[in-house]
Amino acid sequence: LIATDLQQPANPVKASRPELKSKNGAAEAFTHICQTCGGQILSNWQGLRTSDDPEYAHQMRVGVRRLRTALRAYRGVIDTPATRALSRDLARFGRRVGELRDIDVLLADIVRTVKLSSKLKSSSAQLETLLEKRAKRIREGLRRELGQTGWNALVLQVSLLPHGAGWSDAPGPDVKIRKHARTALRKCWKPVTKRARRLNDLSIEERHELRKNLKTLRYTLEFFGSVLPSGKTREFIARLRNLQDSFGYLNDVALAQTLPAITASAAQKNPQLRQIVTDVLAWHKREAANAWQHSQIQWRQLEKQSKPWR
């Protein structure tokens with residue numbers, strides 16, 4: 001299997017939950033989890049190469065993060081040089097896709113969501129055009145890279161991982177999936193509580209780390225949700241998603257601080273463009289203050305929520 005053999009799906013492919021059974025051993029469940037994560041990556045690969053729909057890059061990035069989360073969640077059971085190397089390669093690939101996704105977010109979720117005065121509409125259109133051109137350059141560069149053989153080894157590893165490649169011969173404890181799930185989720189919950197309980201004192205960097213902790217927790221909970229109490233799991237994930245959404249927006253606002261640097265050259269020729277960027281940042285700063293207050297309420301609700309792994 002090489003990258004050029006992949007078929008483009010009709011639409012971007014979102015994550016699917018693995019259907020595990022309580023009788024499964026941890027290793028057996030790992031194959032199902034890797035299959036869903038790998039399927040999301042491989043299904044969106046060709047779409048990213050041939051379509052301008054930004055959702056392909058988004059879902060590809062999600063798939064990469066989910067697979068890295070799965071590898072991390074299993075380190076107490078499955079941990080080999082091959083799986084460690086795969087995680088590093090996925091991180092490197094995720095950063096490449098992330099460059100494109102960041103520009104797509106700036107365009108769709110930061111610039112286009114702001115309602116500006118009519119007198120600045122022409123400069124606003126210029127800002128959108130500037131970001132669209134930047135996204136196009138990054139997308140075309142990434143497409144060229146994905147069309148070459150450099151990433152074929154990663155595609156092959158992701159394809160073969162559910163079949164035991166790189167880990168099936170490694171000795172590991174024979175643990176039932178429910179026991180392993182609870183152990184993994186307790187580990188995920190610990191850094192969340194460590195940071196979130198001092199929410200008001202967190203720096204921007206620490207908020208970003210907390211956001212990643214929340215994402216890891218949610219992905220891990222979704223992996224093992226089918227062997228945990230369904231009601232508790234569903235309610236906890238719903239509250240977790242709400243908190244994640246708030247932190248996601250706060251992260252987007254932090255990303256927006258790159259706009260002055262991105263537009264610096266064009267702004268020298270059009271001072272109104274600099275004003276547009278200033279207005280966009282000011283608008284989101286006000287919205288972020290509200291989101292930050294709301295996130296503190298959401299955290300208290302999540303902390304009180306019954307934990308499915310207990």
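Colleague: Which helix is the place of Q296?
Modeller: Happy to start there, and please keep in mind that this is a predicted model. Along the chain, Q296 falls within residues 271-304. That stretch is helix α10.

Colleague: Is Q296 buried or exposed?
Modeller: We can settle this with a cut-off: a residue counts as buried under 20% relative accessible area. For Q296 the relative accessible area is 11%. That value is under the cut-off, so Q296 is buried.

Colleague: Which residues is Q296 in contact with, leaving aside its neighbours within four places in sequence?
Modeller: Let's look at L281 before the contacts. The C-alpha atoms of Q296 and L281 are separated by 22 Å, with their positions 15 residues apart along the chain. The contacts of Q296, leaving aside neighbours within four places, are L199 and N200.

Colleague: How many helices and how many strands does the protein chain have?
Modeller: Reading along the sequence gives the pattern α-α-α-α-α-α-α-α-α-α. Every symbol in that pattern is an α. The total is 10 helices and zero strands.

Colleague: What is the radius of gyration of the protein chain?
Modeller: A good way to judge it is to set it beside the globule rule, which gives 19 Å for 310 residues. The chain's value is close to that, so the chain is as compact as a globular protein of that length. Its C-alpha atoms fill a box of roughly 65 × 50 × 30 Å along the principal axes. The radius of gyration is 21 Å.

Colleague: What share of the contacts with a separation of 6 or more comes from residues 24 or more positions apart?
Modeller: C188 and L217 make a handy example, as they are 29 residues apart along the chain, yet their C-alpha atoms are separated by 5.3 Å. They are also in contact. For the protein chain, the share from residues 24 or more positions apart is 82%.

Colleague: Which residues have the most contacts inside the largest nonpolar core?
Modeller: In soluble globular proteins, nonpolar side chains tend to be buried together. Here the largest nonpolar core has 92 residues, and helix α3 gives the largest share of them, 11 residues. The residues with the most contacts inside this core are Y74, F224 and L259.

Colleague: Which residues does F224 touch, not counting those up to four places away in sequence?
Modeller: F224 is a sensible one to pick, since it is listed with Y74 and L259 for the most contacts inside the core. Y74 itself is among the residues that F224 touches. The full list is L20, I33, Y74, I177, H180, A181 and A184.

Colleague: Is R61 buried or exposed?
Modeller: R61 lies in helix α2. Leaving aside neighbours within four places in sequence, R61 is in contact with G94, V97, G98, R101 and D102. Its relative accessibility is 17%, and the cut-off for buried is under 20%, so R61 counts as buried.

Colleague: And D245, is that residue buried or exposed?
Modeller: D245 has its place in helix α8, residues 230-255. The C-alpha atoms of D245 and R211 are separated by 9.4 Å. Its relative accessible area is 55%, and the cut-off for exposed is over 50%, so D245 is exposed.

Colleague: How far apart are the centres of the positive and negative side chains?
Modeller: Let's begin with the counts: the protein chain has 56 positive and 29 negative side chains. Each set has its own centre, and the two centres lie apart by 4 Å.

Conventions: Residues numbered from 1 in each chain as written. Predicted model: local features only at pLDDT ≥ 70, side-chain atom pairs only at ≥ 80, totals over all residues. Heavy atoms only, no water. Helix = DSSP H or I, 4+ residues; strand = E, 2+ residues; numbered from the N terminus. Rg over C-alpha atoms; globule rule 2.2 N^0.38 Å. Contact = heavy atoms within 4.5 Å. Lys, Arg positive; Asp, Glu negative; His and termini not counted. Charge placed at Lys NZ, Arg CZ, Asp CG, Glu CD. Core = buried A, V, L, I, M, F, W, Y, C linked by side-chain atoms within 4.5 Å. Buried < 20%, exposed > 50% of the residue type's maximum accessible area, 1.4 Å probe, protein only.
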